[in-house]
Amino acid sequence: MYDLLVSNNFHPFLIQISLINLFCVITNIFPSPALDGGLIWLAWCEKLFKRKKDYEIFSNKMNKFGFWFLMLGQIVLIGYLMIPIIRG
Amino acid sequence: MNGFTWLIILEYLYFWAIIMVSILIHELGHLIVALWCGVPVETFCIGFGKPILWKRKWKGITWQVTPWLLGGYTSLHGETNIKKKKGFLAQRWSKKVAILLAGVTMNFLLACICYLIMYRSIITGLKIDFALMSVFLQKILP
């Protein structure tokens with residue numbers, strides 16, 4: 001399909017930009033710590049249970065944990081993608 | 001390293017440049033809506049951690065770039081403290097959700113602009129991108 005798109009004069013840069021941005025939307029909406037989805041979910045919980053102080057404590061802890069969780073995940077993913085290069 | 005390895009490294013750099021554009025657009029979305037909702041923005045950063053490669057203060061916002069270009073962040077006033085007036089945590093939930101959704105909305109708008117340029121239809125673009133995404137995931141997953 002990709003070759004078909006390129007042969008029809010569609011610019012690969014635009015295809016990649018749209019693809020990455022769509023992927024960004026899907027992953028960010030996912031309710032995981034430190035991602036926007038997780039914080040949106042927390043904001044909804046705050047509205048439902050009306051406990052602002054708990055929201056503050058929980059969001060701070062979730063962001064700290066989530067940041068390192070995401071960093072580790074990125075390093076593992078980059079490592080996984082770099083294996084073919086290292087092996088030659 | 002042979003030519004093929006350099007080609008792969010260049011492809012990774014190209015891929016990384018595309019990701020950086022996406023991150024910039026995403027963070028700009030948060031920044032614009034936060035300012036629109038009246039929440040002061042403290043820092044707009046491309047990359048994480050230290051050392052800071054470039055830093056400038058403009059319109060009360062610290063704009064900076066760090067070498068760990070795996071993401072970015074927009075630091076809002078009162079992000080960790082609920083007692084700060086005008087801070088992010090002190091806002092109504094609807095404003096919080098608007099600020100949080102702004103990033104993904106900007107990403108989606110950028111994707112939509114690309115679809116309109118390429119296919120003149122957002123629905124066609126979404127269908128093609130989901131098909132491409134499934135092909136890509138089948139390739140990288142074991």
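Helices, in the sense used here, are DSSP runs of H or I at least four residues long, and they are numbered from the N terminus. With that in hand, the reader can place Arg120(B), which sits in the loop between helix 2 and helix 3 (122-140) of chain B. The model in which this loop appears is a predicted one, and its features are best taken one at a time, beginning with the chain to which the loop belongs.

Chain B contains three helices and four strands, and when these elements are read along the sequence they follow the pattern α-β-β-β-β-α-α. The radius of gyration of this chain is 19 Å, whereas the globule rule gives 14 Å for 142 residues, so chain B is more spread out than a compact globule. Its C-alpha atoms fill a box of roughly 55 × 40 × 30 Å along the principal axes. Of the 142 residues in chain B, 42% are buried, and among the contacts between residues at least 6 apart in sequence, 44% join residues at least 24 apart.

The surface and the charges of chain B can be described next. The chain exposes about 8,400 Å², and carbon and sulfur atoms supply 70% of that area. It carries 15 positive and 5 negative side chains, with the centres of the two sets lying 12 Å apart.

Aromatic rings offer a way to pass from one chain to the other. Over all chains there are six aromatic pairs. One of them is formed by Phe13(A) and Tyr14(B), and because the ring centres are 6.2 Å apart and the planes stand at 55°, this pair is tilted. Phe13(A) belongs to helix 2 (residues 12-29) of chain A and Tyr14(B) to helix 1 (residues 3-36) of chain B, so the pair joins two chains. Phe13(A) is partly exposed at 33% relative accessibility, and Tyr14(B), at 34%, is partly exposed as well.

Trp44(A) and Trp93(B) also form a tilted pair, with 4.7 Å from centre to centre and 50° between the planes. This pair too crosses between chains, since Trp44(A) lies in helix 3 (residues 36-49) of chain A and Trp93(B) in helix 2 (residues 93-118) of chain B. Trp44(A) has a relative accessible area of 43% and is partly exposed, while Trp93(B) is partly exposed with a value of 25%. Within chain B, ring pairs link Phe44(B), Trp58(B) and Trp63(B) into a cluster.

Helix 3 of chain A also holds Asp36(A), a residue whose relative accessible area is 8%; because buried means under 20%, Asp36(A) counts as buried. Setting aside neighbours within four places in sequence, Asp36(A) is in contact with Asn28(A) and, in chain B, with His26(B), His30(B) and Leu100(B). Asp36(A) and Ile15(A) are 21 residues apart in sequence, and their C-alpha atoms are 25 Å apart in space.

The backbone of chain B deserves a last look. Most residues other than glycine have a negative phi. Lys59(B), however, has a positive phi of about 55° although it is not a glycine. This lysine is found in the loop between strand 2 (54-58) and strand 3 (61-65) of chain B, and it is exposed, with a relative accessible area of 70%. Arg120(B), with which this account began, likewise has a positive phi, near 60°, and is not a glycine; at 73% relative accessibility, Arg120(B) is exposed.

Key
Residues are numbered from 1 along each chain as its sequence is written. Chains are lettered from A and ligands numbered from 1 in the order in which they are written. This is a predicted model: local features need pLDDT of at least 70, side-chain atom pairs count only at pLDDT 80 or more; totals for chains, interfaces and linings use all residues. Side-chain values use heavy atoms; hydrogens and water are left out. The radius of gyration is taken over C-alpha atoms; the globule rule is 2.2 Å times the number of residues to the power 0.38. Buried means under 20% relative accessible area, exposed over 50%, partly exposed in between (1.4 Å probe, protein chains only). Contact means heavy atoms within 4.5 Å. Accessible areas come from the Shrake-Rupley method with a 1.4 Å probe; for residues, only the protein chains shown count as cover. Lys and Arg count as positive and Asp and Glu as negative; His and the chain ends are not counted. The place of a charge is taken as NZ of Lys, CZ of Arg, CG of Asp or CD of Glu. Rings of Phe, Tyr and Trp (its six-membered ring) pair if their centres lie within 6.5 Å; planes under 30 degrees apart count as stacked, over 60 as edge-to-face and the rest as tilted.
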